[in-house]
Amino acid sequence: LHKLTARGIAALAEDGRYSDGGGLYLVISDGGQRKRWVYRFSFRGKLREMGLGSPRDVPLAEAREKAAAARG
């Protein structure tokens, strides 16, 4: 858990999915223009994603709290 840092997130610009651990990911698309938090989990054998918001609106600590709450 806790692989990402707030400073590191600001520096990321390459498209991709960056794991923080525990199912929390930062997804970057559109040439680094779009960033969003997602929580990935398995439900009834299928992989699902729950959007948690953009890093602009949801800081790293809050994204971690939301992911932890979703894990139960």
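User: Buried means under 20% relative accessible area, and exposed means over 50%. With that cut-off, what percentage of the 72 residues in the chain is buried?

Analyst: Happy to help, and please keep in mind that this is a predicted model. Asp20, at a relative accessible area of 2%, is one of the residues under the cut-off. Over the 72 residues of the chain, the buried share comes to 29%.

User: Which pattern does the chain follow when read along the sequence?

Analyst: Let's start from the inventory: the chain has two helices and four strands. Put in sequence order, these elements give α-β-β-β-β-α.

User: How does the chain's radius of gyration sit against the globule rule, and what is its value?

Analyst: For 72 residues the globule rule gives 11 Å. The chain comes out close to that, so it is as compact as a globular protein of that length. Along the principal axes, its C-alpha atoms fill a box of roughly 35 × 25 × 20 Å. The radius of gyration itself is 12 Å.

User: Asp20 sits in strand 1; which residue is its salt-bridge partner, and where is that partner?

Analyst: Asp20 is buried, with a relative accessible area of 2%. Its side chain meets the partner at 2.8 Å, N to O. The pair links distant parts of the chain, 44 residues apart, from strand 1 (residues 16-21) to helix 2 (residues 60-71). The partner in helix 2 is Arg64.

User: Are Arg56 and Asp57 buried or exposed?

Analyst: These two side chains meet in a salt bridge, at 3.8 Å from N to O. Asp57 has a relative accessible area of 54%, and Arg56 has 73%. Since the cut-off for that class is over 50%, both residues count as exposed.

User: Which residues are joined into one network by salt bridges that share partners?

Analyst: The structure holds five salt bridges. One of them pairs Arg40 with Glu49, with the closest N and O atoms 3.7 Å apart. Arg40 is partly exposed at 24%, and Glu49 is also partly exposed, at 39%. Shared partners make one network of Arg17, Arg40 and Glu49.

User: How far apart are the centres of the positive and negative side chains?

Analyst: Let's count each set before comparing their places. The chain has 14 positive side chains and 8 negative ones. The centres of these two sets are separated by 6 Å.

User: What percentage of the exposed area do carbon and sulfur atoms supply?

Analyst: The chain exposes about 4,800 Å². Of that area, the share from carbon and sulfur atoms is 49%.

Methods: Residues are numbered from 1 along each chain as its sequence is written. This is a predicted model: local features need pLDDT of at least 70, side-chain atom pairs count only at pLDDT 80 or more; totals for chains, interfaces and linings use all residues. Side-chain values use heavy atoms; hydrogens and water are left out. A salt bridge is a side-chain nitrogen of Lys or Arg within 4 Å of a carboxyl oxygen of Asp or Glu. Buried means under 20% relative accessible area, exposed over 50%, partly exposed in between (1.4 Å probe, protein chains only). The radius of gyration is taken over C-alpha atoms; the globule rule is 2.2 Å times the number of residues to the power 0.38. Accessible areas come from the Shrake-Rupley method with a 1.4 Å probe; for residues, only the protein chains shown count as cover. Lys and Arg count as positive and Asp and Glu as negative; His and the chain ends are not counted. The place of a charge is taken as NZ of Lys, CZ of Arg, CG of Asp or CD of Glu.
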